[in-house]
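Walk me through this fold, strand by strand and contact by contact. Give the cut-offs as the terms come up.

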Amino acid sequence: MEEFKALWAENTGEKVEATVRTFNKEDLPDGEVLVEVHYSSVNYKDGLAGTNPKSGVIRNYPMILGIDLSGVVVESLDPTFQAGDKVIVTGYGLGVSHFGGFSQYARVPAAWVVPLPEGLSLREAMIFGTAGYTAAESVDALEKQGIQPQMGNVLVTGASGGVGGMAIAMLKRLGYTVEAVSRKKADCTDYLKKGLGAEAVLHPDEVALEKKRPLAQQRWAAIVDPVGGPMLPDLLAQLHYGGCMALSGNAGGIAFEATVLPFILRGVKLVGIDSVSHPYAERIKLWGRMASDLKPENLDLLVEQEITLEDLPVAFEKIMEGKMHGRTLVKVKQGI
């Protein structure tokens, strides 16, 4: 391997300029494992990093973007991994402070590398990607808080996005009844109901409270929320007694105003989901579940499009404009 291609993002002041350029292996950062990347995916975080230099995702440009990857080990200084091993890397500093997955080759610390579990292909692993991992972590968190299918319906916000869609499909696979919330209800109802298995599709206006109050009618046993923002108090007010919300995103904003009443009068729990620094042992377990009981039977239905490195700047604009549903798979290695 003499030269390879990668997506190079530079801060031009008002915007991010992202172009595919040629690199040498010596250009890659330190790490024990060199991976030939086969697939990556486009996540909301990638869209921010690829369009808005002031988003806070990346502190120091330029950067090879891409917060996840799957591929095959080429070289390893760590005996845990051998050349030819199929692996996954998500989270940590990948594509944020360390050159990422939108590259034909990536060198990463061995501590970040997860062996591809039996039951998943490299392509399927990146249909999941960081979004799918975040959804799996959210579902797992609800289970750890005692939420079971017979306890009532589960609400999933941001349902047309990657995390939301994956959460619906996973919950459906486990036997939960799911209600989906999407601003694109008119366009995505068939996809969410017939494709992913949601029982009902709601517009955000249908879950917002007309009169703001800390406690309202109890509608859902649990909520998976990858959106965040000012809708949170209304959602918390409508959780069942002992209900739980798994919160993983801030596309709706980072601030919200609420009271302590849902927590102290209904025993509601708010669980934060962090897919970046999630412990390695938990990563191994979750990827194993994503290859088994959390793997949707209709996984391919979650793929809206499959693109190349050259297509990424357009994909960034699309996800930031809210025009993307499901997952955008990036085929990095051609001819597979």
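β6 and strand β8 (residues 114-115) pair in the antiparallel sense, over two bridges. Two strands count as paired if DSSP finds at least two bridges between them. Helices (H or I, at least four residues) and strands (E, at least two) are DSSP runs, numbered from the N terminus. Within this pairing, I88 has V114 of β8 as its bridge partner. β6 also pairs with strand β5 (residues 68-76). That pairing is antiparallel too, and five bridges make it. Here G71 stands opposite V87 in β6. Strand β6 itself spans residues 86-90, and four of its five residues are buried. Buried means under 20% relative accessible area, exposed over 50%, and partly exposed in between (1.4 Å probe, protein chains only).

A word on the basis of these values. The model is predicted, so local features need pLDDT of at least 70 and side-chain atom pairs count only at pLDDT 80 or more, while totals for chains, interfaces and linings use all residues. Residues are numbered from 1 along each chain as its sequence is written, and side-chain values use heavy atoms, with hydrogens and water left out.

Now turn to the parallel sheet. It is open, has six strands and follows the order β11-β10-β9-β12-β13-β14. Its edge strands are β11 (200-202) and β14 (269-272), each of which pairs on one side only. From one strand to the next, the twist averages 20°. Axes are lines fitted to C-alpha atoms, for helices over the stretch in contact, and angles run from 0 to 180 degrees between N-to-C directions. Inside the sheet, three bridges join β9 and β12 in the parallel sense. V154 has A222 in β12 as its bridge partner.

Two helices pack on this sheet. α2 touches β9, β12, β13 and β14, and its direction makes about 150° with that of β12. α3 touches β9, β10 and β12, and its direction makes about 155° with that of β9.

What do these elements bury? The largest nonpolar core has 53 residues. A nonpolar core is a set of buried Ala, Val, Leu, Ile, Met, Phe, Trp, Tyr and Cys residues joined through side-chain atoms within 4.5 Å. Elements giving two or more residues to this core include α2, α3 (162-173), α4 (185-195) and β13 (239-247). The largest share, twelve residues, comes from α2. I168, M170, L192 and W287 have the most contacts inside the core. Take L192: leaving aside its neighbours within four places in sequence, L192 is in contact with residues including A159, I168, A180 and V201. Contact means heavy atoms within 4.5 Å. Another core lies apart from this one; it has 47 residues, among them A9, A106, W112 and F316.

Stay with helix α2, residues 122-144, where S138 is found. Is S138 buried or exposed? It is buried, because its relative accessible area is 0%. Its side chain reaches the backbone oxygen of T134 at 2.9 Å. Leaving aside neighbours within four places in sequence, S138 is in contact with V224, A246, S248 and I273.

Helix α2 also carries charged pairs. The structure holds 19 salt bridges. A salt bridge is a side-chain nitrogen of Lys or Arg within 4 Å of a carboxyl oxygen of Asp or Glu. E124 forms one with K295, the closest N and O atoms being 3.1 Å apart. This pair links distant parts of the chain: E124 lies in helix α2 and K295 in the loop between α7 (280-290) and β15 (303-307), 171 residues apart. Both E124 and K295 are buried.

Further along, K144 pairs with D140, with closest N and O atoms 3.0 Å apart. K144 and D140 are separated by about one helical turn, because they are four residues apart in helix α2. K144 is exposed, at 56% relative accessible area, whereas D140 counts as buried at 11% relative accessibility. D140 also meets R289 in a salt bridge, 3.1 Å from N to O. That link joins helix α2 to helix α7 across 149 residues. R289 counts as buried, at 17% relative accessibility. These pairs belong to a wider network of salt bridges that links D140, E143, K144, E282, K285, R289 and D293.

Terms used
A polar contact is a pair of N or O atoms within 3.5 Å; within protein, one must be able to donate a hydrogen and the other to accept it, and residues adjacent in sequence count only if both atoms are side-chain atoms.
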